[in-house]
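Dear colleague,

I am handing over a structure that may be new to you, and I would be grateful if you could look through it alongside the notes in this email. Please open it first and then read on.

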Amino acid sequence: MRLCKRLTKILSINLGLNEDYLHTKFGGDNERGACLRVNFYPKCPQPDLTLGLSPHSDPGGMTLLLPDTDVTGLQVRRGDDWITVKPVPNAFIVNMGDQIQVLSNAIYKSIEHRVIVNSAKERASLAFFYNPGGDILIKPADELVTEDWPALYLPMTFNEYRAFIRTKGPCGKSQVESLKSPR
């Protein structure tokens with residue numbers, strides 16, 4: 001939680017906002033949400049026939065991932081290509097989530113990613129999801145909305161967003177992109 005608070009401070013400052021802006025919009029020290037998940041991917045004799053996790057962006061604020069440094073598996077989309085992320089020992093991978101994309105009015109983008117399996121080795125990772133409180137209204141920061149760059153997203157609580165994406169299933173980044181307001 002402390003690392004995420006520091007990261008939101010850095011992101012806020014980089015956006016030209018008050019240093020506590022994102023932390024406060026997530027609910028401050030009391031209302032934000034968090035979840036730790038252990039992911040296990042068994043070895044698969046035909047890895048080209050399955051995915052460990054289909055393409056998606058994380059719906060929350062940010063994800064800290066502690067990957068298995070011996071077996072790669074995380075891939076991120078860059079254009080039409082999938083790039084395998086090579087883990088660095090004793091380092092986290094930080095993925096921006098959809099809520100940071102909305103709050104930053106798409107200055108920061110959530111990352112589309114997937115997980116592939118390995119034919120010879122099993123793999124494990126730890127994912128820490130740092131999210132806004134469920135009932136907090138999330139919308140682009142007023143300071144980032146101008147006549148030349150209007151708000152790209154309509155206000156929605158994180159709970160409303162989660163309910164919305166659950167009806168769609170993992171579909172790359174199509175959920176957050178479909179919520180862009182018409183210009």
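The notes below go through the aromatic pairs, then a histidine, a surface patch and an arginine.

Please keep in mind throughout that this is a predicted model.

The structure holds 2 aromatic pairs. In one of them, the ring centres of phenylalanine 26 and tyrosine 130 lie 5.3 Å apart with an angle of 20° between the planes, and because planes under 30 degrees apart count as stacked, this pair is classed as stacked. The two partners come from distant parts of the chain, 104 residues apart, since phenylalanine 26 sits in the loop between helix 2 (21–25) and strand 1 (33–41), whereas tyrosine 130 belongs to strand 8 (residues 123–131). Both phenylalanine 26 and tyrosine 130 are buried.

The other pair joins tyrosine 161 and phenylalanine 164, and it is tilted, with 6.4 Å from centre to centre and 35° between the planes. These two residues are 3 apart in helix 4 (residues 158–168), so about one helical turn separates them. Their surroundings can be described separately: tyrosine 161 has a relative accessible area of 3% and is therefore buried, while phenylalanine 164, with a relative accessible area of 22%, is partly exposed.

Tyrosine 130 also appears in the description of histidine 23, a residue found in helix 2. The side chains of histidine 23 and tyrosine 130 make a polar contact of 3.3 Å. If residues up to four places away in sequence are not counted, histidine 23 touches Lys5, Thr8, Gly28, Asp29, Arg32 and Tyr130. Histidine 23 counts as buried, because its relative accessibility is 6% and the limit for that class is under 20%.

Turning to the surface, you will find a nonpolar patch of about 600 Å², made by Leu3, Leu36, Val38, Leu66, Phe92, Val94 and Leu126. One of these residues, leucine 3, is placed in helix 1 (residues 2–14), and with a relative accessible area of 34% leucine 3 is partly exposed.

Finally, is arginine 78 buried or exposed? Its relative accessibility is 66%, and arginine 78 therefore counts as exposed. Arginine 78 lies in strand 4 (residues 74–78), and its C-alpha is 9.5 Å from the C-alpha of histidine 113, a residue 35 positions away in sequence.

With best wishes

Technical notes:
Residues numbered from 1 in each chain as written. Predicted model: local features only at pLDDT ≥ 70, side-chain atom pairs only at ≥ 80, totals over all residues. Heavy atoms only, no water. Helix = DSSP H or I, 4+ residues; strand = E, 2+ residues; numbered from the N terminus. Buried < 20%, exposed > 50% of the residue type's maximum accessible area, 1.4 Å probe, protein only. Phe/Tyr/Trp six-rings, centres within 6.5 Å; stacked < 30°, edge-to-face > 60°. Polar contact = N/O pair within 3.5 Å; in protein donor to acceptor, adjacent residues only side chain to side chain. Contact = heavy atoms within 4.5 Å. Patch = residues over 30% accessible without salt bridge, like charges linked within 9 Å, V, L, I, M, F, W, Y side chains within 5 Å. Areas by Shrake-Rupley, 256 points an atom, 1.4 Å probe, with all protein chains shown as cover. Salt bridge = Lys/Arg side-chain N within 4 Å of Asp/Glu carboxyl O.
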